[in-house]
Amino acid sequence: MNASVNPDMFYPGQDVVDQANVSEYEKMYQYSVENREEFWAEQADTLGWYKKWDSVLDESNAPFYKWFDGAEINIVHNAIDRHLENSNRNKMAIIWEGENGQKRNFSYNGLNREVCQFANVLKSMGVEKGDIVTIYMPQIPELVFAMLACAKIGAVHSVVYGGFSTEALASRIDDAHSRVLITADGGWRRGKQINLKSIANEAMQRSPSIEVCICVKNNELDVEMEPTRDFWLHDLKALPIAGSKCETEQTSSEDPLFILYTSGTTGTPKGMLHTHGGYAVYTSTTHRMAFDIKPQDRWWCAADPGWITGHSYIVYGPLINGATIMLYEGAPNYPYPNRWWQIIENYGINILYTSPTAIRGLMRFGERWPKKHDLSSLRLLGSVGEPINPEAWKWYHHVIGNDKCPIIDTWWQTETGGFMICPLPITPLKPGSATKPFFGNEMAIVDDDGNEVGANEEGKLIVKNPWPGMARTVFKDDQRYADLYWSQDKEGKWIYLAGDSAKKDEDDYIWVIGRMDEVLKVSGYRLGTSEVESALVSHPMVTEAAAVGLPHELKGNAIHTYVILQSGIVGDKKLEQELRAHVGSEMGKIAMPECVEFVESLPKTRSGKIMRRVLKARALGEDEGDLSTLEE
Ligand code: PRX
């Protein structure tokens, strides 16, 4: 790393540097990009394979790359089975706390028992290798068991975030054509019960492909069960079919592990498809190196398993690394704003990985809440989901990390499977920059013609190479995957387009600015303007709608919407509330617009595309820019 001292940088303490899993970046980085396949083969060698690969990287059908082709592996063999053969068997795998203070712990041995039973239940319901099972759950251990149970038998999971609502769930079930849905009666949030099963019931009515619904009893809600379709998990587990032993299915490296829907520029959410082999290698390597995982660590990724962050860094990466993971179901500030800090103290958490929006949310309650607690167990802190503003970074570093914990700001996406740009614990940090590419990755900032821009100039963020954790395709839509993400440069080399704008400074530190497309980041959650708009238009009084993201102090972005009503209907405060609630019940609370403005027309291009950029500029009182394509 840079030997001279730069006053803009935060340098890690000697104790952190001395024990780092990776003690040097530049040389290893050079090696990893010059010998990409060797580097990844070395990492892959640390995992358990039933059969090794014929080739590390198969580029013959680019951009549809294959990693470790010809190999046989199952990610669950690595996340659980291997640990049963060594001293991890009795180690705590999951520590769970519910909002009301309930506690449940599972050793690796206990996790295996739960996953085997769940896998046997799925098999008895006819789930087979390759089937897509939809999971819609609160943040309880059974969510993790369900994901792992699917993977264990070679089925593919499609987790729908528990904060989503009817239409979001129904459309994802439909696209995946799932026959089996796993859900729970309900979840908890801020002392209130969220009735997931009733949302699931409505979604199943809209998506008739579901034949079997397995329901976990979590909060004793009185729910409607359809006798020929719906089963309680505890009833099924009591049957002889649910034995506590289940063979892990051998899958090919490139067999699908999961699909996860994410919002894009236009149209319906895309099911990003990830596979067993490359994803296992990528998530475990990035987790081990960037977060310096040690056997004695207690790791807390305070995301929801229903998003990619949870898939990669609550479930798969950490379990492959044999870590102890913390899982908490509930609000960060319930019953008081010290809840998270209390958890860190109670359980002796060593590494906390969360989002800027959560940090800002807790920061507003002031220092006195974290100051009530002994947070000295913390060694590293992490951030993900959106650019972290320097003010939040400094608060996190100073108040939570006591100036001694490096902040690992990780830039990545649902599509990338794992960290693409992130510091190591030894990296000097600049607040707000995710620093440098992870090993094996060559990143650049380019202009519209694909030429690299100069230092501190804004451009498009691209990746110049394939990596093992990359999504392999958009489920059922190879063309959309190739068109949306890949293009060829002047030499014919394939380039991955991230959809973000960014800058590189004079020290080659990368500063991600934000999305360039119609994707909104609301509290770090990714939503498409088109999804919010179609939820609005599904209301009988609305003919047309536009959604834009405007800066918001806590959420990063807040959704502002513009609506044209059916003729003869006059918009008022009551209708505004009704439309906001309508989006909430169709999509989920996170998609609920901040405001709904009734308008007579929307700015459009001559080809009929809504110019959201113009709406945004108007709302912010900024220059509307080039209006030459605006319809008269
Ligand atoms: O805009 C970037 C932002 O989140 C997008 C990806 O969103 P999603 O697929 O939901 O995955 C989020 C968790 C990995 C990116 O295109 N983003 C993510 N992490 C960062 C970030 N922006 C700046 N800094 C980050 N660390």
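User: Which helix does Val76 lie in?

Analyst: In this predicted model, Val76 lies in helix H4, which covers residues 75-79.

User: Buried or exposed, that Val76?

Analyst: Val76 is buried, because 31 other C-beta atoms lie within 10 Å, and the cut-off for calling a residue buried is 20 or more.

User: Which residues does Val76 touch, leaving aside those up to four places away in sequence?

Analyst: With those sequence neighbours left out, Val76 touches Asp81, Leu148, Ala151, Lys152 and Thr248. Gly154 can be placed relative to Val76 as well, since the two are 78 residues apart in sequence while their C-alpha atoms are 9.7 Å apart in space.

User: Switching to the ligand, how many residues surround it, and which are the closest?

Analyst: The ligand is surrounded by 23 residues, of which the closest are Trp411, Gln413, Thr414, Val512 and Arg526.

User: And which elements give two or more residues to that shell?

Analyst: Those elements are helix H11 (308-320) together with four strands, namely E19 (380-384), E20 (407-410), E25 (494-504) and E26 (510-515).

User: What's the shell like by class?

Analyst: The shell around the ligand has 9 polar, 8 nonpolar and 6 charged residues.

User: OK, helix H18 next. What span should its 15 residues have, and what does the model give?

Analyst: At 1.5 Å a residue, helix H18 (residues 573-587) should span 21 Å, and the C-alpha atoms at its ends are 21 Å apart, so the expected and modelled values agree.

User: Which residues of H18 are buried, and where do they fall around the axis?

Analyst: The buried residues of H18 are Leu579, His582, Val583, Glu586 and Met587. Seen down the helix axis, these buried residues fall within an arc of 100°, and therefore they line one face of H18. On the other side of the helix, Lys573, Lys574 and Gln577 are exposed.

User: What covers the buried residues?

Analyst: The cover over the buried residues of H18 includes helix H7 (166-176), helix H17 (529-537) and the strands E29, E30 and E31, the last of these being residues 595-598.

User: What comes just after H18?

Analyst: Just after H18 comes Gly588, which takes a positive phi of about 125°.

User: Back to E29 and E30, how many bridges join them, and do they run parallel or antiparallel?

Analyst: Strand E29 (residues 542-552) and strand E30 (residues 556-565) run antiparallel and are joined by 10 bridges. The connection from E29 to E30 is a hairpin through 3 residues, and within the pair Gly549 stands opposite Ile559 in E30.

Note on methods. Residues are numbered from 1 along each chain as its sequence is written. This is a predicted model: local features need pLDDT of at least 70, side-chain atom pairs count only at pLDDT 80 or more; totals for chains, interfaces and linings use all residues. Two strands pair if DSSP finds at least two bridges between them. A residue is near a molecule or strand if its C-beta atom, placed from the backbone, lies within 6 Å of it. Ala, Val, Leu, Ile, Met, Phe, Trp, Tyr, Cys and Pro count as nonpolar, Asp, Glu, Lys and Arg as charged, and the others, Gly among them, as polar. The expected span of a helix is 1.5 Å times one less than its number of residues. A residue is buried if 20 or more other C-beta atoms lie within 10 Å of its own, exposed if 12 or fewer, and partly exposed in between; C-beta atoms are placed from the backbone. The arc is that of the directions from the helix axis to the C-beta atoms. Two residues are in contact if their C-beta atoms, placed from the backbone, lie within 7 Å.
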